[in-house]
Amino acid sequence: MSDFNYNDDTTKKLANLYTKVLDGLGEDIEREGLLKTPERVAKAMQYITSGYSINPIDIVRSAIFHEDHNE
């Protein structure tokens, strides 16, 4: 995930929503193990859904290369 660029505004908005979800589920959102969970989930969702904005034809074309081989 290191090469992926996250949108900071989107991360903040989603993290806020995930905090509300955890709170709504009755979780202690101030618990140490959950403090960074909303941000982690927000970034994971951005990464997981990033392919929706990629043109599949461009991906396939990027996998084609010229080979100097004749058999």
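Where in the chain is confidence lowest, and where is it highest?

1. Helix α3 (residues 56–62) has the lowest confidence, at a mean of 88, and α1 the highest, at 97. The confidence in question is pLDDT, the predictor's own score for each residue, from 0 to 100. Across the chain the average pLDDT is 91, and 97% of the residues score at least 70. Helices here are DSSP runs (H or I, at least four residues), numbered from the N terminus.

2. A word on the ground rules, since this is a predicted model: local features need pLDDT of at least 70, side-chain atom pairs count only at pLDDT 80 or more, and totals for chains, interfaces and linings use all residues. Residues are numbered from 1 along each chain as its sequence is written, and side-chain values use heavy atoms, with hydrogens and water left out.

3. Now to the rings, where you will find two aromatic pairs (ring centres within 6.5 Å, using the six-membered ring of Trp; planes under 30 degrees apart are stacked, over 60 edge-to-face, the rest tilted). Phe4 and Tyr6 meet edge-to-face, with centres 4.8 Å apart and 70° between the planes. Phe4 and Tyr47 are also an edge-to-face pair, at 5.5 Å centre to centre and 90° between the planes. This second pair links distant parts of the chain: Phe4 is in the segment before α1 (8–24), Tyr47 is in helix α2 (residues 37–48), and the two are 43 residues apart.

4. Together, ring pairs join Phe4, Tyr6 and Tyr47 into a cluster. Are these rings buried or exposed (under 20% relative accessible area for buried, over 50% for exposed, partly exposed in between; 1.4 Å probe, protein chains only)? Phe4 is partly exposed at 23%, Tyr6 is partly exposed at 22%, and Tyr47 is partly exposed at 38%. Do look at Lys43 too: it lies over the face of Tyr6, 5.4 Å from the ring centre (the criterion is NZ of Lys or CZ of Arg within 6 Å of the centre and within 35 degrees of the ring normal).

5. Helix α2 has Thr37, Pro38, Ala42 and Gln46 as buried residues, and what covers them includes α1. Contact here means heavy atoms within 4.5 Å.

6. Gln46, in helix α2, deserves a look of its own. Gln46 counts as buried because its relative accessibility is 11%. Its side chain reaches the backbone nitrogen of Asn7 at 3.1 Å. Leaving aside neighbours within four places in sequence, Gln46 contacts Phe4, Tyr6, Asn7, Thr10, Thr11 and Leu14.

Technical notes. A polar contact is a pair of N or O atoms within 3.5 Å; within protein, one must be able to donate a hydrogen and the other to accept it, and residues adjacent in sequence count only if both atoms are side-chain atoms.
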